[in-house]
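User: Please take a close look at one chain of this model, setting out where its confidence is weak, how it meets its neighbours and what its helix packing looks like. A careful, connected account would suit me better than a list.

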Amino acid sequence: MLALLAQTQVQIPEIVWSVLWPIVLLSIGGVLLITATSISPRLRVGSFPAAMTIVLAGASLVTLPLIWSKVRDGGGQLPVIADAIRIDAFTLLVTGIMCASLIVVSLLLDDYLRTEGLDGPEWYVLLLMSATGGILMAAANDLIVTFLGLEILSIAVYVLAALHLRRTKSQEAGFKYFILGALSSAIFLYGIAMIYGATGSLRLTDIAQFIASGNSAGLSPLTESSLLLAGMAMLLIGFGFKISAAPFHLWTPDVYEGAPTPVVAFMASAVKAAGMAGLLRVFIVAFGVVAEDWRPVVGAMAILSVVIGAASALGQDNVKRMLAYSSIVHAGFMLVGLYAAASGAAQTGTRSVVFYLFAYAVMSLGTFAAFTLIGGRGDQNHSLSAYVGLSRSNPMVASLLAVLLLAQAGMPFTIGFWAKARVIIAAANGENYVVAAVAMVAAVVAAFVYLRLIVTMFMISEPDEAGEAEASGAQLRISRSGLFALGIAAAATMIWGLFPGFGGDWFGEATRALLELR
Amino acid sequence: MLLNQFLGLAAILFCIGVYGVLTRRNGVMVLMSIELILNAVNINLVAFGAYQGDVGGQVFALFVIAVAAAEVGVGLAIVLLIYRNRRSIDVSEADLLQG
Amino acid sequence: MGNVAEVIVFLISGAIVLGGGLGVILNRNPVHAALSLIASFFGVAVLFISQEAHFLAFVQVVVYGGAIVVLFLFVIMLLGVDRAEQVRVEQLSMQRPLAIVTGVMLFGLAMGGLFLSGPGGEEGAVAATGQQSAMVPIDETEPNVRQLGLDLFTRNVLAFEATAILLTIATVGAVVLVRNEGAEDLVVDEPGTSIG
Amino acid sequence: MTNFLSDGVSAGDIVLAGIKAVIAFVICLVATMLMVWFERKVVSRLQNRIGPNVTGPFGLLQTLADGIKLFFKEDIIPSRSDRFVFQLAPYLSLVPAFLTFAIIPIAGDFSPGNDGTVTLPGGQVTGFQVADVPAGILFFLAMSSLGIYGIMLAGWSSGSKYPLLGSVRATAQAISYEAALGLSLASVILVSGTLSTSGIVQAQAEGGFFGMNMIVTGFVPFFVFIVAGTAELNRPPFDLVEAEQELVGGFHTEYSSIRFAMFFLAEFMNTVTMGAIIVTLFMGGPSAWFGLYFLGWFGGFVWFFAKLLLFLFMFVWFRATLPRLRYDQLMDLGWKLLIPISLGWLLVLGGIRVAQNGDIGLFESNTADVIFVLAVSLAIMAIGATLLQKAITNSAQERLASRGLRSVPTQQDLAASTTEQDGGH
């Protein structure tokens, strides 16, 4: 038996550690954080966990340019660890979004936990590892890794959503999110199994090759292998749930309303970005050849999302629910971009989605940062009436929030304008005029929602209510770290709004990585 | 090779599971139904793996089992948490109803 | 069509799997449902053995039978929810028609993948031609465990490490959720609104 | 490895399997009966009593007499019980206990050049075990995890308080110690390089007396396995499941007549099987020590049972001498001591194996590498243990602080908090 073992020469895959820094830093950092705080209880209280999280995320951000120079030398894409993941501009972009989201959310969470009388490094540990999952998902060249990334990302967020141990609403939100999330990932898995059966591989590049060889022989999956088709449909369901696209959006308003607001900020930015990144990676790299087959489904999801999201957002009085529906609209917009990419405008379409991904992460982080600040102790002030007269009591917060809301509405000179414009231009390029028109109408409708909130903030209220509103506004204790976070997001909104090409052509590089280097 | 039969079995089990998730109202039972779906996935993976002559399917099934364990752990923790708190709510609600 | 033994094993264990599955969703008593679940898992394990996946079959029994269902039963007993359905998921009592439509659609997807699969019966399940890209072919002469291990530590080593992160998260999450503190000053919100 | 289903199964194979199963069942049953007698006798002697001495020579037939008596007693099913599960539970307890026995090679000639199999007159080659399952040792883990269900469901279905408490305890205990059991098993698998039980025995037989896994794995997994195994069996000092001072009879309080007999039988059968597993994994099974092979396969049979007797006596000895653990001590032992130790030891063994293969190449000779690896992993273990200890102390203090206790608790406080904990279950 021993002899048998000795005979085998195991080909251990080479691991290029130097390009894995973000993953290593975030995951190992999470483990170290929980170890450190369990050994020294003094580190549990106070800002140490938040500081460590910010340092880790910041360090990961710093490594990105170094990794990029390596990747560029390697031709724009490095297959790592037996080609299970690909490190390229797209991966790095999503990593950047994850790290930024981590930093902002930690800034918010530190103060939030203190006001709520909660403690614990576990929040940060879960955030760190969840972000790792998101990065894996964006980088994956293997459906196993995609799935594991998805699960790491999701399970941590299920827990985070339920982690406000003293609010039953938070727990119910967590449970609902968990049940529907687990169902969707089970369906997702079933889809992977079918694709494995149809193509014999789990590697995205191999799947693409296999499909392409079948395609060139004149066989379309649509008619020849419904197994592959059913698999793709189930993958779309799984991803659709993660990015909360209609008709898989049912959980979104409830969970956004119930979960702790900083966690919602993470869900809206990081989880959605990672889900969309995974969707892009899988569908463009592996199934790009048969875009014709999945295009109609994506189109239908896109239209449903923008219409349902915009229509439902109108009637909401709770701002978190309102933004939940608006996040569905945004998911719809990203899908419009993907639809455009699938129908001819591959370059502009993909690029528009990549940019939208980034833009939405920035805007939603800022918006929910503001909500965290305004929500106050007990996370209660989320009804529209709490915003009456905010411009007078807290002009700083009100104006920054107004900028972010205008950006979400698609106001020119903000990042949101460029995001929406690019998507619609891409849709027009792909000659999808109907979809483009529907998206534009929905955008206008959704704009009313944001404007309503802005008007409420700047509204001069009636005298008898004013006293009350002033009083509640005056109590608002704005933490410096939270304001800083809000400021970063608003600044980013404006910077990329005024100079959409700021910081180099990441989005073009990321698009190239997805489309050409597969 | 009984490939199609295996896949049919998995499909039926999958649907039983989905039905369970959507109709059962007991949190624990919903989790059990999700386990059924994951088992359907595993049947599929192993059957495809044997059909393709590839161990990849079995390896993936191992990962699925690990994920299932993690999911159940977290899910049951949330159920416990809710039950613990909800029970105290039920009491107060009962008072209100009597009044 | 394989030989008779294979078909018989498939039929019996398939019946156990489906019977167990039905038992899970039809039994009112959670403990009986959990028992059905074990039966179902057992059937699946037998199916694995009939597909030469010995290691997986044992892992199936050890993990599902030995850990997961025990955990279920443990929670059921601990909560005392065994005689009635007490832990309700109110929010999932959503539109039944929607549930049924979803179920039918998914069933269509799952079965459609099978029976619409091109011509050729068994072979038809994988109809698109081209080189099947199986990467680590099963070697009939080697023990199953060895092949799994080799594949796990070469091709899928990253996934293996990712599983470590996943399990860490699950442990941290489960522990932090059931930590018994703060139950005294619970903030009771109004009952959750329903979905949709 | 060929597909046993499509290759077809000859009639001879089926007959052989049937005969083997019957023989194994008889051996297992007789061994269990003798074990009951042995335990009563030895415990009596250790307590300065005589023990059963009336029925048959030396009271050997006492167990049989008790069994017959139980068989004719009235079978009571409590009205509040869940009838179906109540009746099912004893079988769930008994069947896994017996099935585990199927993978144990109980005889065979393992002298150099032999692999423990014999060729039957019909030309079939067979080992002395009912089934040589490809991943046999996992089968043991699977069965031992299934054995919990009998106890668990028995306690639940009785519809009564004490049985439920007993079974909840049993479940928690079994889950906790399963991990330690599996991890120490992993060490054995690591050094033997196979998962099949006959393969493990053979690997040990090749090395003679010093090839025993007990020695090769460095004793630590052996001790962990014995402790965890005793806990798995719910035997003293880990018999909180049926602590009669606290829980009446534990999970089987409501059982009577033949169903009770089945639980009783299962318990002792489990003891015999666990002893046999320990012999197989760590003591070389039927292979002889010091090359003292005799009488072909029958010698293996004698060796096997001689070794088994050693462990059975040990189990009885435990019972007669060791006081029962408190519940929190039980959990602490499992989670905070056994699991970290067996994990750490697996690390050490793995490191040594890598160094032996020469994959490190830090020094000229592999031996130096081994020493280096050993030092490093022991250092890591020490650091880990210190950190763990610190974390445990901290969490204990925090827990006490949250209950309003400020400082390190006195023994009294601890006792109070334990009762509180027990009450909560």
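Analyst: Chain C in close view

Over residues 190–196 of chain C, pLDDT stays under 50, and for this stretch the model has 17 contacts beyond four places in sequence. The model is a predicted one, and a second stretch of chain C, residues 116–134, likewise has pLDDT under 50 throughout, with 53 contacts beyond four places in sequence. Taken as a whole, chain C averages a pLDDT of 73, with 62% of the residues scoring at least 70. Within the chain, confidence is lowest in α4(C), where the mean is 66, and highest in α6(C), where it is 91.

The domain assignment divides chain C into domain 1, covering 1–84, and domain 2, covering 143–179. Taken over C-alpha atoms, the centres of domain 1 of chain C and domain 2 of chain C are separated by 23 Å.

Turning to the neighbouring chain B, the contact between the two chains draws on 73 residues of chain C and 67 residues of chain B. On the chain C side, at least two residues come from each of α1 (4–26), α2 (30–50), α3 (54–79), α4 (96–115), α5 (144–153) and α6 (157–178), and α3(C) gives the most, with 11 residues. By class, the residues with which chain C touches chain B comprise 53 nonpolar, 14 polar and 6 charged. One of the contributing helices, α4(C), is also where confidence in chain C is lowest, a point to keep beside the interface totals, which use all residues.

The helix α3(C) also packs against α5(D), at an angle of about 150° and with the two axes 11 Å apart. Since an angle over 145 degrees counts as roughly antiparallel, α3(C) is therefore roughly antiparallel to α5(D). The crossing of α3(C) and α5(D) is left-handed, and the contact is made by C:Gly66, C:Ala67, C:Val70, C:Phe74, C:Met77 and C:Leu78 of α3(C), together with D:Leu164, D:Val168, D:Thr171, D:Ile175 and D:Glu178 of α5(D). Sorted by class, the residues of this contact of α3(C) with α5(D) are 8 nonpolar, 2 polar and 1 charged.

The partner helix α5(D) has a further role in the layout of its own chain. Chain D is assigned domain 1 (11–325) and domain 2 (336–425), and the C-alpha centres of these two domains of chain D lie 30 Å apart. Their contact takes 16 residues from domain 1 of chain D and 11 residues from domain 2 of chain D. On the side of domain 1 of chain D that touches domain 2, α5 (161–192) and α8 (220–232) of chain D each supply at least two residues, and the largest share, 10 residues, comes from α5(D). That side of domain 1 of chain D divides into 13 nonpolar, 3 polar and no charged residues. Thus α5(D), the helix that packs against α3(C), also supplies the largest share of the side of domain 1 of chain D that touches domain 2 of chain D.

Conventions:
Residues are numbered from 1 along each chain as its sequence is written. Chains are lettered from A and ligands numbered from 1 in the order in which they are written. This is a predicted model: local features need pLDDT of at least 70, side-chain atom pairs count only at pLDDT 80 or more; totals for chains, interfaces and linings use all residues. Two residues are in contact if their C-beta atoms, placed from the backbone, lie within 7 Å. Helices (H or I, at least four residues) and strands (E, at least two) are DSSP runs, numbered from the N terminus. Ala, Val, Leu, Ile, Met, Phe, Trp, Tyr, Cys and Pro count as nonpolar, Asp, Glu, Lys and Arg as charged, and the others, Gly among them, as polar. Domain bounds come from an automatic or database domain assignment. pLDDT is the predictor's confidence in each residue, from 0 to 100. Axes are lines fitted to C-alpha atoms, for helices over the stretch in contact, and angles run from 0 to 180 degrees between N-to-C directions. Angles under 35 degrees count as roughly parallel, over 145 as roughly antiparallel, 65 to 115 as roughly perpendicular and the rest as oblique. A crossing is left-handed if the near helix is turned anticlockwise from the far one by less than a right angle, and right-handed if clockwise.
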